[in-house]
Structures are given as C-alpha cells and as structure tokens.
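Biologist: I'd like a close look at one part of this fold, the place where two of its helices pack against each other. Could you take me through that part and then work outwards to what surrounds it?

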Amino acid sequence: MHLSKPGSEGLARHLDRAEVLHQTVLQLRKDLALDEEQLQEPAVGEQAFEALREAIQPQLEALQGKGTAALQAAMYRVDIPEPHLRRTVAHGGLHALAGECVLRALQKVLTRLRFAGRF
C-alpha cells in the first residue's frame with residue numbers, strides 16, 4: 001500500500017466501500033479526539049475523501065491555534081512523524097495535512113481489515 005492523491009488508484013479509492021468509510025471516520029474521531037458532531041460521516045463515494053479532509057481541516061486549525069504541542073500530540077496519535085508534519089505544513093498547509101490524516105487513518109483501517117481477512 002502507498003499513499004496517494006484522491007482520485008488516483010491508491011488508498012482513497014477504497015472510501016467507496018461503506019464499511020471502510022465508516023471505520024475510517026471512527027479512526028479519525030479517535031485519533032483527533034472528535035465527537036460525532038465535529039466529524040460526521042460523509043456519503044459513500046468519490047467525494048468522501050474531500051468531505052473528510054474539509055471536515056477535519058478546521059479541527060487542525062483549532063489545534064494549531066492552541067500551540068505547536070497540541071497539533072504535534074494529535075499527529076502523534078494519527079501516526080504522522082514530526083518531520084513529515086513539518087514538511088507537509090510547509091509545502092501544503094493544513095489542507096495538505098488534513099489529507100495526510102485521512103490517508104493515514106484509511107491505511108490503518110485497511111491494514112486491520114486485511115489482517116482480519118475481510119479485505
């Protein structure tokens with residue numbers, strides 16, 4: 001598995017499966033300490049990736065507003081290393097970081113499903 005841009009033949013295309021999308025939303029809520037109101041489950045389909053990215057970007061902005069440590073702690077839970085965090089924010093801002101968070105949560109879900117024999 002490799003990370004990819006939405007719409008390409010990478011991880012994001014798996015969000016068209018209801019189970020994968022649901023588990024990805026649950027993972028994002030857990031990693032970013034969000035409740036259902038802060039991160040609602042989007043419709044299954046091609047736009048799910050962008051919908052999730054748009055939904056968590058304001059949450060990342062709020063974390064960044066609390067200081068560097070708050071954002072770094074959240075990225076630790078998401079499993080985005082600090083050097084990758086810095087590079088991503090420097091080159092694409094929080095929009096790019098939100099996409100990385102969605103992809104990392106999706107990667108965790110797909111790995112679990114694969115080892116459970118359900119993917």
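Modeller: On the helix 3 side of the contact sit L71, Q72, M75, R77 and V78, and they meet E82, L85, L94, L97, C101, R104 and K108 in helix 4. Keep in mind that this is a predicted model. The axes of helix 3 and helix 4 come within 10 Å and cross at roughly 35°, and the crossing is left-handed.

How far can we lean on it? The chain averages a pLDDT of 90, with 92% of the residues scoring at least 70. Of the helices, helix 3 (residues 68-78) has the lowest confidence, yet its mean is still 94, while helix 1 (residues 18-32) has the highest, at 97. The part to be wary of is residues 1-9, where the pLDDT is below 50; beyond near neighbours in sequence, that stretch has 21 contacts in the model.

Now for the helix 4 partner, which is anything but a plain rod. Helix 4 covers residues 82-115, and a straight helix of 34 residues would span 50 Å at 1.5 Å a residue, but this one spans only 28 Å between its end C-alpha atoms. Look for the kink: helix 4 turns by about 125°, centred on G92. Just after helix 4 comes G117, with a positive phi of about 75°.

One of the helix 4 contact residues, E82, deserves a second glance. E82 is partly exposed, because its relative accessible area is 40%. If you want a feel for the distances, the C-alpha atoms of E82 and E36 are separated by 27 Å, with their positions 46 residues apart along the chain.

The link between the two helices has its own quirk. D79 is in the loop between helix 3 and helix 4, and it has a positive phi of about 85° although it is not a glycine. Most residues other than glycine have a negative phi. D79 has a relative accessible area of 40%, so it counts as partly exposed.

Going back along the chain, helix 2 is followed by G67, whose phi is also positive, near 125°. Helix 2 itself (48-66) makes a nice contrast with helix 4 in how far it reaches. Its 19 residues reach 28 Å from first C-alpha to last, close to the 27 Å expected at 1.5 Å a residue. There is a bend in helix 2 of about 25° at I56, and a proline, P58, follows within four residues. The buried residues of helix 2 are A48, F49, L52, R53, I56, Q57, Q59, L60 and L63. Helix 3 and helix 4, the pair you asked about, are included in what covers those buried residues, and so is helix 1.

That brings us to helix 1, and L21 is a good place to stop there. L21 lies in helix 1 and is buried, because its relative accessible area is 0%. Setting aside neighbours within four places in sequence, L21 is in contact with L15, E41, P42, A43, V44, A48 and L52. Both A48 and L52 are on the list of buried residues in helix 2. L21 does sit a long way from Q72, one of the helix 3 contact residues: the two are 51 residues apart in sequence and 25 Å apart in space, C-alpha to C-alpha.

P42 belongs to the loop between helix 1 and helix 2. With a relative accessibility of 16%, P42 falls under the 20% cut-off and so counts as buried. Its contacts, leaving out neighbours within four places in sequence, are L21, V25, A48, A51 and L52. P42 and L21 are 21 residues apart in sequence but 8.3 Å apart in space, C-alpha to C-alpha.

Next to L21 in the numbering is H22, also in helix 1, but H22 is partly exposed because its relative accessible area is 33%. C-alpha to C-alpha, H22 is 6.9 Å from E41, and 19 residues from E41 in sequence.

One last oddity is in the loop that holds P42. A33, in the loop between helix 1 and helix 2, has a positive phi of about 55° although it is not a glycine. A33 is exposed, since its relative accessible area is 58%.

Note on methods: Residues are numbered from 1 along each chain as its sequence is written. This is a predicted model: local features need pLDDT of at least 70, side-chain atom pairs count only at pLDDT 80 or more; totals for chains, interfaces and linings use all residues. Side-chain values use heavy atoms; hydrogens and water are left out. pLDDT is the predictor's confidence in each residue, from 0 to 100. Contact means heavy atoms within 4.5 Å. The expected span of a helix is 1.5 Å times one less than its number of residues. The bend at a residue is the angle between axes fitted to the seven residues ending there and the seven starting there. Buried means under 20% relative accessible area, exposed over 50%, partly exposed in between (1.4 Å probe, protein chains only). Axes are lines fitted to C-alpha atoms, for helices over the stretch in contact, and angles run from 0 to 180 degrees between N-to-C directions. A crossing is left-handed if the near helix is turned anticlockwise from the far one by less than a right angle, and right-handed if clockwise.
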